[in-house]
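Here are my notes on the packing in this model. Please read them alongside the coordinates.

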Amino acid sequence: MSVQNYYLPESLGEALELLARYGPDLLVIAGGTVAMPLINEGVSTPVQVMGLRRTGLDEMARSNGNVKIGATTTLTRLLEESPVPLLRTAARNTAAWTIRNMGTVGGNLFSPPPAGDVAVALLALDAEVTLTGSGGERVVPLARFWTGFMTNVMQADELVTAITLPVPTGKTAYIKYGRKQAHTPAVVTVAAHLVVEGGRVQQARLALGAVGPHPLRCPQAEAVLTGSELSEDAITEAAQTAAGECDPFTDAIASEWYRRKMVPVYVARALRQIAQEEAAS
Ligand SMILES: Cc1cc2nc3c(=O)[nH]c(=O)nc-3n(C[C@H](O)[C@H](O)[C@H](O)COP(=O)(O)OP(=O)(O)OC[C@H]3O[C@@H](n4cnc5c(N)ncnc54)[C@H](O)[C@@H]3O)c2cc1C
């Protein structure tokens, strides 16, 4: 059966009413860059479809030390206007401008690995996801949003309405390693956020993409770094530890074996970037 109704609600309230009416039978699309190819290829055959682009969820605002990004903010807007350099870098490393003009920050949370390049950066920045449904709003740390491959904690009547993060202090690094320089799926994506004071790492956040069922934090590698000097030994140990925390897969881009080999290489490179910036500052 083909699409019977395509709804374009003019407000969040209207969108939530449609979601309450149709539940999981309503396919939600934002930019459509993931959802539409699946429909066009006949993989996904929704009868009811709702586009979010007129719901007014595309605001990006900074206040009280936080940045709030509306779920339907495009990746282009994130690249051009985000006050957080790590997010601008992540957006620049996501797809090409044609896709970035349509694809959204919220949609990136739902993109199957190896996609999710912006989500990896958000994870390293301690982002939280606002979920809004008929019962109101709730906020979930992004680190607890995913439950498995393409599964998450959302209820059937909820939408992602915003992603909020503290403006980072300290230093950040982002590396997406793919088979080409640009416009390529990731072999591995690394986002790191460290706060170094008095020569020691006070806070470490390390996130990986394309090496698990969803973007992953590396709590053991973070623990290796926390309290230590950002020395070559600590970097090597953290990078090796991260390799043990991921759960890579084989696809047309890379084998599971190769991805696991590349994790410590690129984690170490990201951490060295930060160490060099620290040394220069
Ligand atoms: C050629 C090409 C290259 C790409 N390259 C990359 C890349 O390099 N890196 C990368 O990370 N991604 C890449 N992508 C994937 C994709 O474009 C991005 O991840 C984009 O951010 C997805 O956002 P979207 O709004 O288009 O998602 P959509 O296709 O609109 O949505 C995807 C799914 O997410 C759900 N969804 C979306 N928004 C919400 C919401 N607010 N609330 C609830 N559910 C929601 C819907 O159920 C929907 O089915 C690429 C895609 C293409 C086609």
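1. The charged end of Arg269 sits over the ring of Tyr266, 4.7 Å from its centre. The criterion is NZ of Lys or CZ of Arg within 6 Å of the ring centre and within 35 degrees of the ring normal.

2. On provenance: this is a predicted model, where local features need pLDDT of at least 70, side-chain atom pairs count only at pLDDT 80 or more, and totals for chains, interfaces and linings use all residues. Residues are numbered from 1 along each chain as its sequence is written, and side-chain values use heavy atoms, with hydrogens and water left out.

3. The largest nonpolar core (buried Ala, Val, Leu, Ile, Met, Phe, Trp, Tyr and Cys joined through side-chain atoms within 4.5 Å) has 37 residues. Leu194, Leu230, Val263 and Val267 have the most contacts inside it. Helix H10 (256–280) is among the contributing elements; H10 gives the largest share, 10 residues. Helices (H or I, at least four residues) and strands (E, at least two) are DSSP runs, numbered from the N terminus.

4. Another core lies apart, with 35 residues, including Phe145 and Trp146.

5. Five aromatic pairs turn up in the whole structure. Pairing takes ring centres (six-membered ring for Trp) within 6.5 Å; planes under 30 degrees apart are stacked, over 60 edge-to-face, the rest tilted. Phe110 and Phe145 are edge-to-face, at 5.8 Å and 90°. Phe145 is buried at 0% relative accessible area; Phe110 is partly exposed at 32%. Buried means under 20%, exposed over 50%, partly exposed in between (1.4 Å probe, protein chains only).
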